Every structure is written in structure tokens, then in C-alpha cells.
Amino acid sequence: MKTTRFLLSLMLVLTLCASCITIAAADEPIVLRVTDWSDSTLVYREQFHKEFMEKNPDIKIEYTQLTIDQFNSTVVGAIQNGDGPDLFPVPTTLNLASVVNEGWYLDMEQYVSPEFVASFLDGALVEGVHRKNGVLYTLPEAGSLSNSMLFYNKDILAECGLEVPTTFEEFREACRVITEKGAGNYYGLIEGGKQANRCEALLRALAQSAGAKLSISARALTVDGRAPYDSEGMKLAAELLQGIVEDGSLYPDTASITAPEARELFAQGKAAFLCQGLWCIGTWANDHPELNYGVMTVPKGAENGYVATVEPGLWMGIYANTKYPEACARYLEALYSADEYHYQADVVKSGSYVSVIKGINEENMVDPIMKEYYDAAMTCIDIPVVTSRDAKFYDFYGVVVGSTPSLASIAQGILSQAIDEPMDYLSMLADAETAAWKTACSTLGLDFAELEFTNWVAGQAYTAEDYAALN
């Protein structure tokens with residue numbers, strides 16, 4: 001009898017313990033893994049995460065911040081293996097069509113509220129960029145402004161007796177004079193040469209400023225039936241960068257540093273010019289409030305030079321394999337909140353970026369440097385985009401195969417002096433891209449000729465009337 005009572009007691013204890021474990025497990029918070037590369041807003045993101053977890057004790061945020069290159073080389077493999085983060089942005093090497101075809105993201109509107117979707121600025125959620133066939137898969141991080149403005153150190157220019165350069169010739173000479181005056185303490189130009197995307201952005205912006213008919217980002221556009229990577233404008237841009245390197249005016253370690261490292265070194269007064277985006281402003285306001293700098297457009301290499309507006313960016317989506325889609329939706333609704341949370345207001349006030357949420361920018365754009373950047377970006381012009389001509393070309397970007405060497409790797413080669421004759425490589429790229437674009441068009445039954453905009457004049461804005469005139 002004693003043995004039986006003992007066994008019954010033991011079973012009762014074990015049952016109670018099991019119940020305690022089950023209750024404890026049920027009380028464990030959901031762990032949401034969030035990964036991106038938004039380093040310039042890190043301090044505000046950390047504040048947001050703290051506030052979010054206080055208001056949502058059932059959710060714990062594990063946030064990982066990488067560089068773009070690190071994300072593209074590491075996270076993509078995890079996603080493909082079914083173990084990606086719960087929330088992550090579209091890799092810069094891919095586009096919406098390709099990631100949707102791979103089944104990476106959920107239909108976001110199955111989980112977020114209609115009011116949340118309606119809170120975005122009109123035109124901020126674009127078919128082919130954030131939606132595919134009407135389904136919302138991703139959100140933009142910020143409003144679309146050129147990320148190829150030049151920041152310049154006012155104190156260095158004043159010390160060297162220089163005005164803000166407006167032409168390629170003035171820019172190269174300014175870099176040379178500054179480097180000579182700096183005597184190893186500072187140089188003319190710095191860039192995150194380790195990051196392919198920043199090198200390409202610099203070369204592409206310079207080429208457009210030299211009058212090249214060139215697309216924004218890695219978009220397809222032809223001139224005389226050919227990918228225009230070996231045009232005269234591209235040649236002038238490549239020669240300018242090569243000349244700056246040969247003059248010794250490029251910061252010595254440029255080829256081995258990331259964009260955030262270049263941004264920090266610029267703030268420390270190690271270089272006079274840096275080509276990056278709006279995200280620098282908030283970081284410098286926090287870390288280097290003493291920095292005396294200004295914003296300028298890329299100097300012109302030709303009379304018909306221009307800086308192009310950019311397409312709306314695609315960014316964050318909910319992973320198709322997440323176990324917690326509702327929690328992911330709650331996170332996104334909080335991150336983009338206009339009232340309950342303060343992240344959107346904070347990043348605009350700090351000058352980190354322009355918000356895509358209604359009412360935020362009007363009340364919070366108070367930083368004078370941010371306004372200077374915004375005004376400079378407003379001088380950018382719209383250029384032809386094939387998906388605006390025919391939405392079927394969104395599928396084109398899902399099947400087209402990138403060419404080697406890429407424009408980004410050629411730009412890196414120029415900055416690192418690994419390439420002696422950049423035009424040889426640019427001609428190879430033009431040949432390879434032309435062939436790849438023709439193949440993609442043939443595969444999808446698209447008209448390759450539609451990549452050509454015969455009524456576009458470089459340096460002039462391309463309008464809805466210009467699109468209509470092609471039909």
C-alpha cells in the first residue's frame with residue numbers, strides 16, 4: 001500500500017511539473033528574427049525595439065544588422081535553405097519578380113490591416129516593385145531620393161582656398177589640390193570601395209552627369225540597339241575616376257573599406273568628398289555634430305549631364321517560412337506607425353531619410369542639411385524606364401542573367417587599380433548585357449526593341465507624354 005501511495009504521489013508530482021513546464025513554455029515570448037543593413041538608423045531602431053518589446057511582452061526581437069554585401073553573401077543562402085529571418089529585405093542583387101518566383105515572401109495583406117496599407121503615401125506602393133499581380137509582398141524603407149549626392153567638407157575646401165567644383169575638370173583638380181595640401185592627413189575623395197553597390201552608384205552617377213543615356217540601377221535600356229556601357233559619357237566617367245586614382249587623390253584604403261567605414265572617415269576629416277545618400281545625415285548628427293559639411297550634385301562632365309531620379313525602393317517583407325506571420329505584421333505596423341510609435345518621426349527629424357508614411361515629413365523635416373539634400377535631389381530628372389512603358393518587363397528582371405564582369409566590379413577595379421583599360425571591360429560588358437537582354441526578351445516573348453527610347457534626349461526629363469508618343 002505504501003508503495004502504491006508513493007507511486008501515485010510521484011505521478012502527481014510529475015504531472016504537476018509537466019503542467020508547469022507546459023505553462024512556462026506557453027509564456028515564453030515569440031522570437032522574431034529581423035535582419036537588414038540599415039546601419040544609419042541603428043540608434044533609432046534600437047530605441048524602437050525597446051519600446052516595441054515593452055508594449056508587446058509576448059515578442060522578443062533578435063535584430064541583426066549587416067552590410068549589403070554581407071547580407072547578399074550570407075543571408076540569401078539561409079533563405080534558400082528554408083531558414084531565413086522572419087523579416088528581411090529583398091537582396092540588392094535581386095528584384096521582386098525573382099524573389100516572388102522563388103516563393104520567399106507571404107502576401108502581406110493577409111496579415112496587416114487595410115488602415116496600415118492606406119497610411120502609405122500615394123504612389124509609394126508600386127506594382128512590379130512592391131506588388132506583383134496586385135499582391136503586396138514588400139514595403140519601401142524610405143521615400144525615393146537619389147543616393148548619389150556628394151557630401152563635401154566645408155572646412156577642408158576653405159583651408160585649400162577652393163570653391164565647390166561644378167565640372168569634372170574642377171572636381172579632379174580640387175581633389176588633387178586637397179590631397180597635396182593635406183599631406184597625408186586628408187585626401188580628395190573617399191568611397192566604400194569594398195561594397196560593389198557603392199562603387200557602381202558612383203560610376204553610374206558620373207556617367208549620367210557626363211551625358212550618358214544610362215538607366216538607373218541595374219535596369220535595362222538600350223541605345224542604338226545596344227547596352228550603353230561603352231558610351232562616350234561612360235568613358236568620361238571612367239577616365240575621371242582613373243585620373244583621381246592616378247593623381248593619388250583617392251583615400252589610400254578605399255578599396256578595402258565598407259560604406260559605413262568611409263562615412264566615418266569622412267566625418268573624421270580624412271577626405272573632402274564622399275558620394276553616398278541621405279542616411280549619412282542622421283548618423284553624423286548623432287556621432288559628429290561638429291562636422292561642417294554641405295551637399296552638392298555630382299559635377300557635370302558635359303552640357304547635357306544630369307542626375308536621374310530613382311525608382312521607389314523595395315525593402316522589407318515577411319518570410320514565407322516564418323512561424324509567426326501575425327507577429328511579423330504587428331512589428332511592421334509598429335515600425336511604420338505615425339502616432340503610437342516614434343521611429344518614423346525620429347528618423348526624419350534626424351535627417352536619416354524621408355518617410356513613406358502620410359503626415360510624417362511635413363511635421364518632422366527640420367534638419368537644415370536634410371533640407372539641403374532634399375533640395376539637391378529635387379533637381380534630379382525622370383528618365384525612361386521600360387516597365388513604365390510595358391509592365392510585362394517586370395518579369396524580364398526575374399529571368400535575365402547578370403553579366404560578368406559587372407559594372408560594379410569594373411568600378412571596383414578602377415578604384416583599386418586592378419583595371420588598366422576600363423573601356424575594354426566596359427565594351428565586354430556592353431556586348432554581354434546586350435546578348436543577355438535579347439535572350440531574356442526571347443524567353444518571355446517580349447520585344448527587345450522596347451528597351452530603346454528613341455525620343456529621349458539626354459539631360460531632359462522624360463514625361464508621360466513622351467511614353468505616349470511611342471505608341
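Me: At what N to O distance do the side chains of Arg 45 and Asp 36 meet in a salt bridge?

Reply: This is a predicted model: local features need pLDDT of at least 70, side-chain atom pairs count only at pLDDT 80 or more, and totals for chains, interfaces and linings use all residues. Residues are numbered from 1 along each chain as its sequence is written, and side-chain values use heavy atoms, with hydrogens and water left out. A salt bridge puts a side-chain nitrogen of Lys or Arg within 4 Å of a carboxyl oxygen of Asp or Glu. For Arg 45 and Asp 36, the N to O distance is 2.8 Å.

Me: Are Arg 45 and Asp 36 buried or exposed?

Reply: The scale is relative accessible area (1.4 Å probe, protein chains only): under 20% is buried, over 50% is exposed, and in between is partly exposed. Arg 45 and Asp 36 get one verdict for both: buried.

Me: How many residues apart in sequence are the parts tied together by Lys 132 and Asp 395?

Reply: Lys 132 and Asp 395 form a salt bridge, with the closest N and O atoms 2.7 Å apart. Lys 132 sits in strand S4 (residues 131–132) and Asp 395 in helix H17, so this pair links parts of the chain distant in sequence by 263 residues. Helices (H or I, at least four residues) and strands (E, at least two) are DSSP runs, numbered from the N terminus. The separation is 263 residues.

Me: Which class of accessibility does Asp 395 fall into?

Reply: Its partner Lys 132 counts as buried, at 16% relative accessibility. Asp 395 has a relative accessible area of 34%. That makes Asp 395 partly exposed.

Me: Which residues do salt bridges that share partners join into one network?

Reply: Start with Arg 176 and Glu 173, whose side chains meet in a salt bridge at 2.6 Å, N to O. Both lie in helix H7 (residues 168–182), three residues apart, about one turn of the helix. Arg 176 is partly exposed at 32%, and Glu 173 is partly exposed at 37%. Shared partners give one network of Glu 173, Arg 176 and Glu 180.

Me: How many salt bridges does the structure hold?

Reply: The Arg 176 pair with Glu 173 is one of them. Lys 132 with Asp 395 is another. The total for the structure is 14.

Me: How far apart are the C-alpha centres of domain 1 and domain 2?

Reply: Domain bounds come from an automatic or database domain assignment. Domain 1 is 30–139 + 311–378, and domain 2 is 146–309 + 404–471. Their C-alpha centres are separated by 27 Å.

Me: What area do domain 1 and domain 2 bury between them?

Reply: The size of an interface is often given as the accessible area lost when the parts come together. Here buried area is the loss of accessible area (1.4 Å probe) when two parts are put together, summed over both. Carbon and sulfur atoms carry 56% of it. The area is about 1800 Å².

Me: Which residues of domain 1 lose the most area to domain 2?

Reply: Three residues stand out on that side. Together they make up 33% of what the domain 1 side buries. They are Glu 311, Ile 369 and Tyr 373.

Me: Which salt bridge partner does Arg 263 have?

Reply: The count between domain 1 and domain 2 is one salt bridge. In the Arg 263 pair, the closest N and O atoms are 2.4 Å apart. The partner of Arg 263 is Asp 39.

Me: Which element gives the largest share of the side of domain 1 that touches domain 2?

Reply: Helix H2 (42–55), helix H3 (68–80) and helix H15 (368–377) each give two or more residues to that side. The largest share is six residues. They come from H15.

Me: Which residues is Asn 72 in contact with, leaving aside neighbours within four places in sequence?

Reply: Asn 72 lies in helix H3. Its relative accessible area is 16%, so Asn 72 is buried. Contact means heavy atoms within 4.5 Å. By that rule, the residues touching Asn 72 are Pro 91, Thr 92 and Thr 93.

Me: What distance separates the C-alpha atoms of Gly 225 and Leu 451?

Reply: Gly 225 is in the loop between helix H8 (196–209) and helix H9 (232–246). Leaving aside neighbours within four places in sequence, Gly 225 is in contact with Thr 434, Phe 448 and Glu 452. Gly 225 and Leu 451 are 226 residues apart along the chain. Their C-alpha separation is 8.1 Å.
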